[in-house]
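Open the model in your viewer and keep the sequence panel beside it. The stops below go from whole chains to single residues.

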Amino acid sequence: MLKEKGQLKFEDKWPHMRPIVLKLLKQEPVSPAEWHELFYDVHLVCLWDEKGPAKLRDHLHEDIVQFIKQAQNRVLAQRQEEALLKAYIAEWRKFFTQCNYLPTPFRQLEKSLQGKPASASSSTQGNNNKKGPIEESIVRNLMLDSWNDSIFSDIKHRLQDSAMKLVHAERNGEAFDSQLVIGVRESYVNLCSNTEDRLQIYRENFEAAYIQSTELFYRMKAPEQLATNGVQAYMRYADAKLREEEARVQRYLEAGSNGVIQCCVKVLVGNPLPVLLAECAPLIRAGETERLQLMFRLLERVPEGVQPMLRELENHITQAGLADMEAAADIITQDSEKYVERLLELFRKFSKLVHEAFSDDPRFLTARDKAFKAVVNDTTVFKLELGTGRNIGGRIVAPESKCPELLANYCDMLLRRTPLSKRLTSEEIESRLKDVLLVLKYVSNKDVFMRYHKAHLTRRLILDASADSEKEEDMVEWLREVGMPADYVNKLARMFQDIKVSEDLNAQFRTSTERHDAINIKILNAGAWARGSERVTVSLPVELEDYIPEVEEFYKRKHNGRKLQWYHHMSNGTITFATNGGKFDLDVTTFQMAVLFAWNQRPHDKITYENLRLATELPDGELRKTLWSLVAFPKLKRQLLQFTPQATAPKDFDEHTTFWVNQDFALIKNAKPQKRGKVNLIGRLQLSTERSQIEDNQSIVQLRILRTQEAIIKILKMRKRISNAALQSELVDILKNMFLPSKKMIKEQLEWLIEHKYMKRDDDDINTFIYMA
Amino acid sequence: MADENDNDRIDDNQKPEKMFTLKKWNAVAMWSWDVECDTCAICRVQVMDACLRCQAESKKDSYGKQDCVVVWGECNHSFHYCCMSLWVKQNNRCPLCQQEWSIQRMGK
Ligand SMILES: [Zn+2]
Ligand SMILES: [Zn+2]
Ligand SMILES: [Zn+2]
């Protein structure tokens with residue numbers, strides 16, 4: 001330590017150091033004394049010989065390269081793949097251990113080479129196992145780079161090939177020591193001295209070779225499998241292989257690389273995609289849920305795989321649904337119950353398919369819903385013509401599905417006292433009503449449903465024909481819950497409220513009069529119930545007419561400023577019919593009553609159509625319908641009235657047709673005539689005349705126009721200015737719970753609103769609208 | 001059988017000439033305010049419906065009884081009572097004919 005700089009030379013020390021270095025390289029035992037001497041000598045050389053550090057590095061390098069050459073010879077002496085890998089891995093592991101060991105005594109050298117002054121403490125750290133400083137060690141990198149430059153560059157192709165051959169053998173079902181492949185991969189990773197990207201050598205060589213050999217393997221195998229075993233078996237094969245390769249990747253590759261699986265997916269699924277997709281429709285048709293599940297799992301892995309499956313599903317449901325409807329057209333157009341049940345059966349079937357085959361994946365649910373919409377709103381089996389009449393220039397609106405009308409009819413059958421509602425439990429009725437709401441969700445002309453539903457409700461409330469009044473009000477709330485417009489639902493609620501007011505009034509009336517036995521009154525709020533002025537005049541029989549002034553007097557005492565209008569086409573009652581042999585109670589409409597009471601003064605007379613018209617003052621159409629219900633009531637074997645000459649429909653009556661009371665009338669039970677009994681001849685209470693039904697449809701169209709205008713104004717008020725496209729989509733959003741506005745209608749209403757200065761087009765952009773206050 | 005014939009004969013005696021007799025009649029009528037114009041000129045809602053304020057309030061309790069009546073002035077014009085009673089606080093004239101407002105009758 002006392003010597004001057006330059007007095008101690010590298011050459012003096014190296015002969016003493018070298019044997020220890022060689023022992024370390026060969027992993028031969030080194031005594032603690034030798035170990036310490038090496039530290040000290042490195043220290044001296046670096047401290048006293050200016051050129052010492054460079055010389056030390058060069059000599060060290062030479063010995064390392066020399067050592068590696070020997071190792072290489074030992075490895076290359078192996079001819080057989082497995083033996084080669086084994087030998088290489090053994091040499092590498094030994095060398096790699098020394099990479100962590102040999103640099104330690106040369107810590108002082110590192111500092112000198114980096115031009116840093118020596119510090120006393122650094123030499124005493126001993127064989128430090130902390131990774132940080134060692135990994136950046138110059139000596140370590142010298143070792144690794146030397147290994148890389150000599151042995152690795154020479155034999156990496158043989159190594160990779162050997163490893164891939166083993167993997168290939170494994171793919172073919174041969175067992176081998178997986179540690180060999182793993183060992184090779186580890187050497188690729190550890191070999192890298194690039195601290196920025198430790199996986200560089202591994203990725204560029206090992207992984208690339210792995211991907212290439214995998215691709216090659218399946219390029220051969222996949223078409224072979226497909227050709228020999230068919231598509232179904234192939235899909236099972238591909239699915240199994242993909243899982244297998246995923247597991248293999250876990251074993252043999254570094255985490256976080258998905259290149260191999262991407263490549264497998266491309267070869268196993270992407271390449272034969274058209275062949276696989278061709279199988280989709282037949283599987284859906286056959287309801288092969290397990291196979292579809294498998295197909296979905298596979299095709300989901302490729303970008304264009306699922307979209308065609310969605311299209312197939314949508315097409316299939318639409319076609320099957322429509323075909324089913326068409327095949328059963330005769331039954332379902334006549335019978336709302338059968339129609340709704342058929343639809344629901346269809347929905348259940350396909351919902352089950354989507355659940356089982358596609359685990360209710362949202363994309364498939366959307367495809368299903370699109371198809372359901374197409375079926376429900378289809379107009380081939382039956383359609384509803386919504387004529388606009390002359391008011392709007394005689395244009396005809398496109399026909400719409402009759403579905404909402406049938407849904408409303410079905411609801412009526414469930415909520416009214418009918419054979420169907422009597423057969424079902426309360427829970428069953430509830431679940432069926434919910435089913436109706438489910439179908440209603442897909443209906444685009446919901447306003448038609450609302451109209452029919454309201455008409456049925458009116459009929460039930462006026463005839464006191466509800467099966468369960470609690471369920472009636474539940475239904476109103478359910479309609480609110482499924483998003484029916486609030487003003488519509490509120491109107492229904494108002495009818496219930498009004499009918500209760502009317503019941504109170506009737507109770508008061510009956511206590512106020514002497515003749516309380518035979519009359520009930522319903523006096524309803526015209527704003528909540530009546531539609532237009534569709535009253536039908538009739539000349540009441542005196543038995544009825546007598547009551548009118550009394551009711552009106554009573555009402556006047558109760559209320560101020562109100563006027564009453566009698567709705568005799570809605571009123572009804574019970575009469576007793578006495579014949580020679582029997583006595584029957586008949587539930588009849590007031591019109592039927594008016595006709596029948598015409599015989600009270602002349603029970604055995606034959607009366608002409610013309611005279612009945614004079615007696616009742618009923619309009620022609622109503623009189624024909626009323627008479628028809630008395631001469632040809634479907635439920636009766638013996639009819640109430642008889643007539644001549646023959647007629648097969650109401651329109652066949654002429655003014656000379658004569659009618660008389662059937663004195664042999666009887667109800668037939670078990671093929672025996674009964675002398676007493678009750679029969680309901682009301683049927684479906686006529687709420688509106690034929691003319692008003694046309695008006696009804698027109699008013700739907702007019703209401704749509706009004707709603708569309710309202711919604712456009714509402715949007716513009718909020719947005720001030722808006723593009724045509726944005727306006728259209730907001731409009732559909734607002735209106736979709738009532739109906740689907742057509743592009744044509746929207747355009748017409750926009751023009752109308754512009755013409756009437758509610759809004760204008762932007763001067764610079766005709767596709768932008770501006771609100772005008 | 002003889003019994004039944006007796007009964008029939010008694011019935012015949014009671015109501016000898018009527019083949020059809022009324023047992024029950026359920027008569028239906030609609031009431032509306034006896035007004036010339038069915039829209040309230042103040043709130044632009046039909047007088048048969050509750051006025052805008054009452055509609056907004058009854059939405060909170062959807063079954064709350066609506067008692068939004070109509071009022072007639074001496075000029076025979078009619079409005080929702082709610083609407084008119086607010087109107088006269090600002091201006092004691094009929095909004096339609098500008099005559100001084102005085103109530104002729106109230107709906108009930
Ligand atoms: Zn008002
Ligand atoms: Zn009010
Ligand atoms: Zn006035």
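Begin by selecting chain A, whose accessible surface comes to about 37,700 Å², with 50% of that belonging to carbon and sulfur atoms. What is shown is a predicted model, and the values quoted along the way are computed from it. Colour chain A by secondary structure: there are 32 helices and 15 strands. Of its 773 residues, 50% count as buried. Turn on contacts within chain A and keep those with a separation of 6 or more; residues 24 or more positions apart account for 70% of them.

**A cis peptide in chain A**

Stay on chain A and select Thr644(A) and Pro645(A). The peptide bond joining Thr644(A) and Pro645(A) is cis, with omega at about -5 degrees. Pro645(A) sits in a loop of chain A, between strand S8 (641–644) and strand S9 (658–661).

**Chain B as a whole**

Now hide chain A and select chain B, which has three helices and four strands. Following the chain B sequence, the elements come in the pattern α-β-α-β-β-α-β. Chain B has 108 residues, and buried ones make up 37% of them. For contacts in chain B with a separation of 6 or more, 49% are between residues 24 or more positions apart. Chain B exposes about 6,600 Å², and carbon and sulfur atoms supply 45% of this area.

**Two loop residues with positive phi**

Which part of chain B holds Arg44(B)? Select Arg44(B) and look at the loop between strand S1 (20–33) and helix H2 (52–60). Phi of Arg44(B) is near 65 degrees, a positive value in a residue other than glycine. Arg44(B) counts as exposed because its relative accessibility is 65%, where the cut-off for exposed is over 50%.

Move along chain B to Asn76(B), in the loop between strand S2 (70–73) and strand S3 (78–80). Asn76(B) is not a glycine either, yet its phi is positive, at about 75 degrees. Is Asn76(B) buried or exposed? With a relative accessible area of 33%, Asn76(B) is partly exposed; that class covers values between the 20% limit for buried and the 50% limit for exposed.

**A nonpolar patch on chain B**

Show the surface of chain B and select Tyr81(B), Ile103(B) and Met106(B), which make a nonpolar surface patch of about 250 Å². Within this patch, pick Met106(B), which belongs to strand S4 (residues 103–106) of chain B. Met106(B) has a relative accessible area of 33%, so it is partly exposed.

**The interface**

Bring chain A back and select the residues of each chain in contact with the other. How many residues does each chain bring to the contact? Chain A contributes 63 residues and chain B contributes 36 residues. Between them, chain A and chain B bury about 4,600 Å², of which 51% is on carbon and sulfur atoms.

Next, display the polar contacts between the chains. Counting pairs with both residues at pLDDT 80 or more, 28 residue pairs are in polar contact between chain A and chain B. Three salt bridges are found across this interface. One of the stops here is the pair Asp585(A) and Lys23(B), which form a salt bridge with the closest N and O atoms 2.6 Å apart. Zoom in on Asp585(A) and Lys23(B) to finish the tour.

Notes. Residues numbered from 1 in each chain as written. Chains lettered and ligands numbered in written order. Predicted model: local features only at pLDDT ≥ 70, side-chain atom pairs only at ≥ 80, totals over all residues. Heavy atoms only, no water. Patch = residues over 30% accessible without salt bridge, like charges linked within 9 Å, V, L, I, M, F, W, Y side chains within 5 Å. Areas by Shrake-Rupley, 256 points an atom, 1.4 Å probe, with all protein chains shown as cover. Salt bridge = Lys/Arg side-chain N within 4 Å of Asp/Glu carboxyl O. Buried < 20%, exposed > 50% of the residue type's maximum accessible area, 1.4 Å probe, protein only. Contact = heavy atoms within 4.5 Å. Buried area = accessible area lost by both parts, 1.4 Å probe. Polar contact = N/O pair within 3.5 Å; in protein donor to acceptor, adjacent residues only side chain to side chain.
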